[in-house]
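Let's take a walk through this protein together, starting from its overall layout and ending at a few individual residues. Keep the structure open beside you as you read.

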Amino acid sequence: MEDSTDSTSTNRNTALQNMSFLTIDPSDYFFIHASDHPSMALVPKVLDGTNYAMWRRSMLISLSAKNKSGFINGTIPGESDPKYMLWQRCNDMVLSWILNSLNQELANSVLYVETPS
């Protein structure tokens with residue numbers, strides 16, 4: 001007969017092993033910090049059509065600081081990546097950050113874009 005503490009310990013170890021693949025290193029480009037959220041403003045001023053150079057530079061710096069610049073320059077693989085679900089989540093986060101940094105008219109014109117690159 002198996003001891004119930006052994007069974008509980010085995011179940012806990014199995015759960016921890018199964019969760020280990022969900023752990024993402026903070027340096028991984030799929031890492032999203034707990035404070036990151038879709039409505040977060042990454043740049044101080046929204047793009048209004050007259051401030052593109054300043055907006056672009058600010059956005060590139062912000063995305064680089066969050067290790068997400070690969071989502072806009074195409075260096076992070078998409079559907080071909082074995083971690084596609086993580087890629088999709090991060091891709092959507094980057095898209096939401098960009099959409100939130102555009103004025104309403106510009107945001108409406110690019111709302112259905114699927115990737116930021």
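**A guided walk through the helices**

N67 sits in the loop between α2 and α3 (70-73). It makes a good place to begin, with one reminder: you are looking at a predicted model. N67 has a positive phi of about 60 degrees although it is not a glycine. To put that in context, most residues other than glycine have a negative phi. As for its surroundings, N67 is partly exposed, because its relative accessibility is 32%, and partly exposed covers the range between under 20% for buried and over 50% for exposed.

Now step back and take in the whole chain. There are five helices and zero strands, and reading along the sequence gives the pattern α-α-α-α-α. The chain has 117 residues, of which 29% count as buried. Its exposed surface comes to about 8,100 Å², and carbon and sulfur atoms supply 56% of that surface. How do the contacts spread along the sequence? Taking contacts between residues at least 6 apart in sequence, 64% join residues at least 24 apart.

One pair of helices is worth a slower look. Helix α2 covers residues 52-65 and helix α4 covers residues 84-99. These two helices pack at an angle of about 150 degrees, and their axes are 12 Å apart. An angle over 145 degrees counts as roughly antiparallel, and therefore α2 and α4 are roughly antiparallel to each other. The crossing of α2 past α4 is right-handed. Which residues make the contact? From α2 come W55, M59 and L63, and from α4 come V94, W97 and I98. If you sort the residues of this contact by character, you get six nonpolar, no polar and no charged.

Stay with α2 for a moment and try some of its other residues. Is S58 buried or exposed? S58, which is in helix α2, is buried, because its relative accessible area is 18% and the cut-off for buried is under 20%. Leaving aside neighbours within four places in sequence, S58 is in contact with V43 and P44.

V43 comes up again with R56, another residue of helix α2. The C-alpha atoms of R56 and V43 are separated by 9.3 Å, and the two residues are 13 apart along the chain. R56 has a relative accessible area of 41%, so it is partly exposed.

Next, find I61, which also lies in helix α2. With a relative accessibility of 45%, I61 counts as partly exposed. I61 and L42 are 19 residues apart along the chain, and their C-alpha atoms are separated by 9.3 Å.

Finally, move across to helix α4, where you will find M93. At 10% relative accessibility, M93 counts as buried. What does M93 touch, leaving aside its neighbours within four places in sequence? M93 is in contact with I32, D36, H37 and P38. One of these partners, H37, is 56 residues from M93 along the chain, and the C-alpha atoms of the two are separated by 7.3 Å.

Methods: Residues numbered from 1 in each chain as written. Predicted model: local features only at pLDDT ≥ 70, side-chain atom pairs only at ≥ 80, totals over all residues. Heavy atoms only, no water. Axes fitted to C-alpha atoms, helices over the stretch in contact; angles between N-to-C directions. Helix = DSSP H or I, 4+ residues; strand = E, 2+ residues; numbered from the N terminus. Parallel < 35°, antiparallel > 145°, perpendicular 65-115°, else oblique. Left-handed = near helix turned anticlockwise from the far one by under 90°. Contact = heavy atoms within 4.5 Å. Nonpolar A, V, L, I, M, F, W, Y, C, P; charged D, E, K, R; others polar. Buried < 20%, exposed > 50% of the residue type's maximum accessible area, 1.4 Å probe, protein only. Areas by Shrake-Rupley, 256 points an atom, 1.4 Å probe, with all protein chains shown as cover.
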